[in-house]
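Thanks for sharing this one. Here are my notes, set out as numbered points so you can follow them with the structure open.

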Amino acid sequence: MNLGTTRNVLAVDIGGSKLMAGIADAGGNILCRVKQPLKPDITGEHIISIIMETVDLIRNRNPGAWEAVDCVGMTIPGLADHEKGIWVYACFSKIRDLPIARIISYELNIPVFIENDVNACALGEKMYGSCKGVNDFIWMTISNGVGGALVLNGELYRGAYLNAGEIGHFNVMEGGYECGCGNKGCLEAYAAGPAIVRRYLERVKPVLTPGPGVNAGIKLPVSEPGITAEKIAQAAEDGDEVSREVFNETGYYLGKALSYAINLVNPEKVILGGGVSMSMHLFYEKLIKTINDMVFLEANKNIIIEKTALGYEAALIGAAAVGRKGMERI
Ligand SMILES: [Zn+2]
């Protein structure tokens, strides 16, 4: 029996606002899962204790599946040194240089492997999703931020300083909105969930101004507060013109940035994941048109652009792939 292909993985997906953990079988199927909220400004000590609490919950609820767990795969929302198992940096937290793999491995007495979350999604797509036989592809997450990962010649390409694939910081608008990275006009400042909300509000705000006029008193199709990209997507589906236009623009910005990446890499596929990608039907047409207008078409005419096959749990399945891939190495 080859234990390497029959054992389970404890998958841990650390996000900006929540932690998901579960047990995945050898086929990447999530057998059980637990979700925990994470506060902003989280510390290293706090994240370790939440992970251990979550592991206890999973272990107690699923003793059979836990018995077969032989490693942990973990996603890190930020810069991760996968070789040393160190969470190097995440902009939303106070965590710096946390040797998270060593600490969790010591607690559970099994190997722990970590990877940047977007890289993990790409690994998941390659191992369990729609890129099983694909050697060259780009993975793009569009959610609260925009991230990218590259698989080239069948392997993750991390770059000399582990930061390859930062497609979210491609400039799509000279002198445009400020981005979290300090530059102006980055894709992330135009196409991430909060950026979609901002562009929507900019378009509808004038009609909220009280006073006489044809637009006075018009109600927003999406009410404030609590406005989200998801609600704008719903309004677009219900036929709201402004919301539809906002998503159309999203397709333009994503297509513009992707055209540079496609011209550089000449990939077989581009896979879109993250919450905003679940509304891909609202921006797909504009995305494809923009890419067609901007890439060297003859060189890239067979490219396939599609949504992740892993759905909402892409990062958790990616974490499972990180664990399985790690076990192949040892
Ligand atoms: Zn940026």
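1. Let me begin with the overall layout. The domain assignment splits the chain into domain 1, made of residues 3-128 + 313-329, and domain 2, covering residues 137-308. Please keep in mind throughout that this is a predicted model.

2. Next, how the two domains sit against one another. Their centres, taken over C-alpha atoms, lie 28 Å apart. Domain 1 brings 14 residues to the contact and domain 2 brings 15 residues. Together they bury about 1200 Å², and carbon and sulfur atoms account for 64% of that area.

3. Which three residues supply the most of the area that domain 1 buries against domain 2? They are Val118, Asn119 and Glu125, whose share comes to 37%, more than any other three residues. If you are colouring the interface, I would enjoy seeing those picked out.

4. A word on charged pairs between the domains. The count there is 2 salt bridges, while a search of the whole structure gives 11. One salt bridge worth a look in the viewer joins the side chains of Lys325 and Glu155, with an N to O distance of 3.6 Å.

5. Another salt bridge pairs Glu249 with Arg199, and here the closest N and O atoms are 2.7 Å apart. This pair ties together distant parts of the chain: Glu249 belongs to helix α9 and Arg199 to helix α7 (residues 193-204), with their positions 50 residues apart in sequence.

6. Helix α9 also takes part in a helix crossing. The axes of α8 (residues 229-237) and α9 (residues 241-265) come within 7 Å and cross at roughly 115°. The crossing is left-handed. On the α8 side, the contact is made by Ala229, Ile232, Ala233, Ala235 and Ala236, and on the α9 side by Ser243, Arg244 and Phe247. Sorted by class, the residues of this contact are 6 nonpolar, 1 polar and 1 charged.

7. Finally, a look at Met327, which is found in helix α11 (residues 314-329). What does Met327 contact once its neighbours within four places in sequence are left aside? The partners are Asp70, Cys71, Pro111 and Phe113. For a sense of scale, the C-alpha atoms of Met327 and Gly176 are separated by 45 Å, the two residues being 151 residues apart along the chain.

Key
Residues numbered from 1 in each chain as written. Predicted model: local features only at pLDDT ≥ 70, side-chain atom pairs only at ≥ 80, totals over all residues. Heavy atoms only, no water. Axes fitted to C-alpha atoms, helices over the stretch in contact; angles between N-to-C directions. Helix = DSSP H or I, 4+ residues; strand = E, 2+ residues; numbered from the N terminus. Left-handed = near helix turned anticlockwise from the far one by under 90°. Contact = heavy atoms within 4.5 Å. Nonpolar A, V, L, I, M, F, W, Y, C, P; charged D, E, K, R; others polar. Domains from an automatic or database assignment. Buried area = accessible area lost by both parts, 1.4 Å probe. Salt bridge = Lys/Arg side-chain N within 4 Å of Asp/Glu carboxyl O.
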